[in-house]
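Reader: Could you walk me through reading the charged side chains in a model like this?
Author: Sure, let's put it up first.

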Amino acid sequence: TQDQKLMPINWQEVQESLRSKRLQRAAIRQMSIAADAPQPSLPILLPFDQEIATKAAVSVFPQAHSYAASMRMTKITVEVHGERRATVLRENDPLLRIVQSKNVARLAGADVPYALDRTEGGYDLTFGRFGAAYLVSIECFNPETDQRCTKPDFIRSLGEKMGLVGKDAP
């Protein structure tokens, strides 16, 4: 069986990235978080795209070691998931080949490996930052014709614009 591990979060790197302006704070006008929701033990990263910041209805669903966020706009939904729990793979596990990506991009203020996958409705972008794993997912109302979902440019730009929402320390 595979073991689950709670990954350590590098809060010092979060603070240094904010001070050096490599990581921005995401300002979102309409964001709802349940008042009695737990404070997640990882940085909450969301894209600070202009359309999301001004037009999207953003809902954040925090858990103790993870969060999910949904941003609904006209004809597209953006979802972000952050997770501290990791499954430890054995050296010979075939999944290890899949998770060791050769692609590198500047995401959330640092050059990090990422994976980009086409889905039925758009794209998924996965990467690690500060010790946590993040998934950005887009789904279009018309995925065959909407340029945001026919080409990877839009989801890549969202990954590049990931900013911190909320706390920068445990």
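What follows goes from the overall fold to the salt bridges and then to a charged patch.

Author: This is a predicted model, where local features need pLDDT of at least 70, side-chain atom pairs count only at pLDDT 80 or more, and totals for chains, interfaces and linings use all residues. Residues are numbered from 1 along each chain as its sequence is written, and side-chain values use heavy atoms, with hydrogens and water left out.

Reader: How many helices and strands does the chain have?
Author: Taking DSSP runs numbered from the N terminus (helices H or I, at least four residues; strands E, at least two), you get 5 helices and 12 strands.

Reader: And how many salt bridges are there?
Author: The rule wants a side-chain nitrogen of Lys or Arg within 4 Å of a carboxyl oxygen of Asp or Glu; the count here is 7. One of them pairs Glu 13 with Arg 129 at 2.6 Å, N to O. Glu 13 sits in helix H1 and Arg 129 in strand E10, so the bridge ties together parts 116 residues apart in sequence.

Reader: Is Arg 129 buried or exposed?
Author: Buried means under 20% relative accessible area, exposed over 50%, partly exposed in between (1.4 Å probe, protein chains only). Arg 129 has 4%, so it counts as buried, while Glu 13, at 25%, is partly exposed.

Reader: Where else do salt bridges link distant parts of the chain?
Author: Try Arg 25 and Asp 168, which meet at 3.1 Å, N to O. Arg 25 is in the loop between H1 and strand E2, Asp 168 in the segment after strand E12, 143 residues apart.
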